[in-house]
Amino acid sequence: MRKKRESIAPDLTPLIDVVFILLIFFIVSSVFKKEELALVLDLPSSQAQALEIKEKEIFIELSSDKLALFGEEVSLEDFDRQLSKIDNKKRTIIVRIDKNVEYQRVVKILDNLQKYDLNNLSLVTKKD
């Protein structure tokens, strides 16, 4: 008479299949962030050509009541402090400004950039 072999570990194949299906589901359904953007802005339209930027950019976003730098909301004082820490003055600065922002608010941001000799600006608009 043969002894029936008892398995200590259950068959793991169905469990592994479920884990892989869940992994694939989460990879496919996740949203990949293209840029470091923090504010939802209504950009003005323009006929300008697209610009390719090779080096690491500095992203600035400005709405009528908020300011973001590198995809994180900051106060005007923190903005000034973080600009002072930028050592490479040739870095491209990508500026996204809502079309309803007061001109004086834009001037304050541009003044801060000029104070630290950050002059390589690119203003972002949406295409017509």
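This report describes the sheet, the nonpolar core and the side-chain pairs of a predicted model.

## Sheet architecture

Five strands form an open sheet in the order S4-S3-S2-S5-S6, and their pairing is mixed. The edges of this sheet are strand S4 (72-73) and strand S6 (121-124), each of which pairs on one side only. Strands of a sheet pair through backbone hydrogen bonds, and the sense of the pairing can be parallel or antiparallel.

For S2 and S5 the sense is parallel, and the two strands are joined over five bridges. Within this pairing, Phe 59 has Ile 94 of S5 as its bridge partner.

## The nonpolar core

The largest nonpolar core comprises 18 residues, and those with the most contacts inside it are Ile 60 and Phe 79. At least two residues of this core come from each of S2, strand S3 (67-69), H2, strand S5 (93-97) and H3, and the core therefore draws on both strands and helices.

The surroundings of Ile 60 can be given in more detail. When its neighbours within four places in sequence are set aside, Ile 60 is in contact with Leu 67, Ala 68 and Leu 69, with Phe 79, with Ile 93, Ile 94, Val 95 and Arg 96, and with Ile 109 and Leu 113.

## A buried glutamate and its partner

Strand S2 (residues 58-62) also contains Glu 61. The relative accessible area of Glu 61 is 0%, so this residue counts as buried, the limit being under 20%. The side chain of Glu 61 makes a polar contact with the side chain of Arg 96, at a distance of 2.9 Å. Arg 96 also appears among the residues in contact with Ile 60.

## Salt bridges

Side chains of opposite charge can pair when their charged atoms come close. In this model the count of salt bridges comes to four, and three pairs are described here in turn, beginning with Glu 73 and Lys 66, whose side chains meet at 3.9 Å, N to O. This separation satisfies the criterion because a salt bridge requires the nitrogen and the carboxyl oxygen to lie within 4 Å. Lys 66 is partly exposed, with a relative accessibility of 36%.

Helix H2 (residues 76-84) holds both members of another pair, Asp 78 and Arg 81, which stand three residues apart, about one turn of the helix. Their side chains form a salt bridge at 2.5 Å, N to O. Both ends are partly exposed, Asp 78 with a relative accessible area of 29% and Arg 81 with a relative accessibility of 44%.

Which residue forms a salt bridge with Asp 80? The partner is Lys 115, and the closest N and O atoms of the two are 3.1 Å apart. Because Asp 80 lies in helix H2 and Lys 115 in helix H3 (residues 103-115), this salt bridge ties together parts that are 35 residues apart in sequence. The two ends differ in their exposure: Asp 80 is buried, with a relative accessible area of 18%, whereas Lys 115 is exposed, with a relative accessible area of 52%.

## Aromatic pairing

A pair of aromatic rings is described by the distance of the centres and the angle of the planes. The model has one aromatic pair by the rule applied. This pair consists of Phe 25 and Phe 26, whose ring centres are 5.4 Å apart and whose planes stand at 70° to one another, so the arrangement is edge-to-face, a class that requires an angle over 60 degrees. Phe 26 is exposed, its relative accessible area being 52%.

Definitions and conventions
Residues numbered from 1 in each chain as written. Predicted model: local features only at pLDDT ≥ 70, side-chain atom pairs only at ≥ 80, totals over all residues. Heavy atoms only, no water. Helix = DSSP H or I, 4+ residues; strand = E, 2+ residues; numbered from the N terminus. Buried < 20%, exposed > 50% of the residue type's maximum accessible area, 1.4 Å probe, protein only. Polar contact = N/O pair within 3.5 Å; in protein donor to acceptor, adjacent residues only side chain to side chain. Phe/Tyr/Trp six-rings, centres within 6.5 Å; stacked < 30°, edge-to-face > 60°. Core = buried A, V, L, I, M, F, W, Y, C linked by side-chain atoms within 4.5 Å. Contact = heavy atoms within 4.5 Å. Pairing = 2+ DSSP bridges.
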